[in-house]
Amino acid sequence: MILETAAIAVGTIIATKALEKTTEKVTENPNMALSLNNAEPLYIEALTMYQRVLGVNHPTTAAIRENLAILQRQLTPRVVGKGRLGQFMQMLKAILILPFYLLWRLVKKLIRN
């Protein structure tokens, strides 16, 4: 119990130091903005430390792992063809194409007669 509390304290101190370093970099260079890309290495470093000190199955380690997974999902570009947006695009395409298709069939029928 004491070892676990000490490990959490050390991990918190290290994470705080990493955040301070990032803040110093941003302060020195105003053009650099905090972004998701800057956060990923910090999460990976924190996850490595927590896994080493607390173990892989510790709740704090699991929370950091989940946060890293969420961050990585946000960094991955999404495909437009999936999900509700893809369904909407298919419906919109059908709505736009259907009148021209029906008009083409009508003209084709009129020409034959």
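The accessible surface of the chain in this predicted model amounts to about 9,500 Å², and carbon and sulfur atoms supply 65% of that area. Of the 113 residues in the chain, 13% are buried. The secondary structure consists of four helices and zero strands, so that the order along the sequence reads α-α-α-α. Among contacts with a sequence separation of 6 or more, 53% join residues that are 24 or more positions apart.

Confidence varies along the chain. The average pLDDT is 75, and 64% of the residues reach a score of at least 70. Helix H1 (residues 2-28) has the lowest confidence, with a mean of 59, whereas H3 has the highest, at 86. Where pLDDT is low, the predicted coordinates should not be read in detail.

The largest nonpolar core contains seven residues: Ala46, Leu47, Tyr50, Leu54, Ile64, Leu68 and Leu71. Two elements, H2 and H3, each give two or more residues to this core. The largest contribution comes from H2, which provides four residues. H2 spans residues 36-54 and H3 spans residues 59-75.

Threonine 61 is located in helix H3. Its relative accessible area is 0%, which is under the 20% limit, and threonine 61 therefore counts as buried. When residues up to four places away in sequence are set aside, threonine 61 is in contact with Leu47, Tyr50, Gln51, Leu54, Gly55 and Val56. Leu47, Tyr50 and Leu54 are also listed among the members of the largest nonpolar core.

Histidine 58 occupies the loop between helix H2 and helix H3. With a relative accessible area of 12%, histidine 58 also falls under the 20% limit and is therefore classed as buried. A polar atom of the histidine 58 side chain lies 3.1 Å from the backbone nitrogen of threonine 60. This distance is within the 3.5 Å cut-off for a polar contact.

A search of the whole structure for aromatic pairs returns one. This pair is formed by tyrosine 101 and tryptophan 104, whose ring centres are 6.1 Å apart and whose planes meet at 35°. The pair is classed as tilted because an angle of 35° lies between the limits of 30 degrees for stacked and 60 degrees for edge-to-face arrangements. Both residues belong to helix H4 (residues 83-112); because they are three residues apart there, about one helical turn separates tyrosine 101 from tryptophan 104. Tyrosine 101 has a relative accessibility of 40% and is partly exposed. Tryptophan 104, with a relative accessible area of 48%, is likewise partly exposed. Both values lie between the 20% limit for buried and the 50% limit for exposed residues.

Technical notes: Residues are numbered from 1 along each chain as its sequence is written. This is a predicted model: local features need pLDDT of at least 70, side-chain atom pairs count only at pLDDT 80 or more; totals for chains, interfaces and linings use all residues. Side-chain values use heavy atoms; hydrogens and water are left out. Buried means under 20% relative accessible area, exposed over 50%, partly exposed in between (1.4 Å probe, protein chains only). Contact means heavy atoms within 4.5 Å. Accessible areas come from the Shrake-Rupley method with a 1.4 Å probe; for residues, only the protein chains shown count as cover. A polar contact is a pair of N or O atoms within 3.5 Å; within protein, one must be able to donate a hydrogen and the other to accept it, and residues adjacent in sequence count only if both atoms are side-chain atoms. Rings of Phe, Tyr and Trp (its six-membered ring) pair if their centres lie within 6.5 Å; planes under 30 degrees apart count as stacked, over 60 as edge-to-face and the rest as tilted. A nonpolar core is a set of buried Ala, Val, Leu, Ile, Met, Phe, Trp, Tyr and Cys residues joined through side-chain atoms within 4.5 Å. pLDDT is the predictor's confidence in each residue, from 0 to 100.
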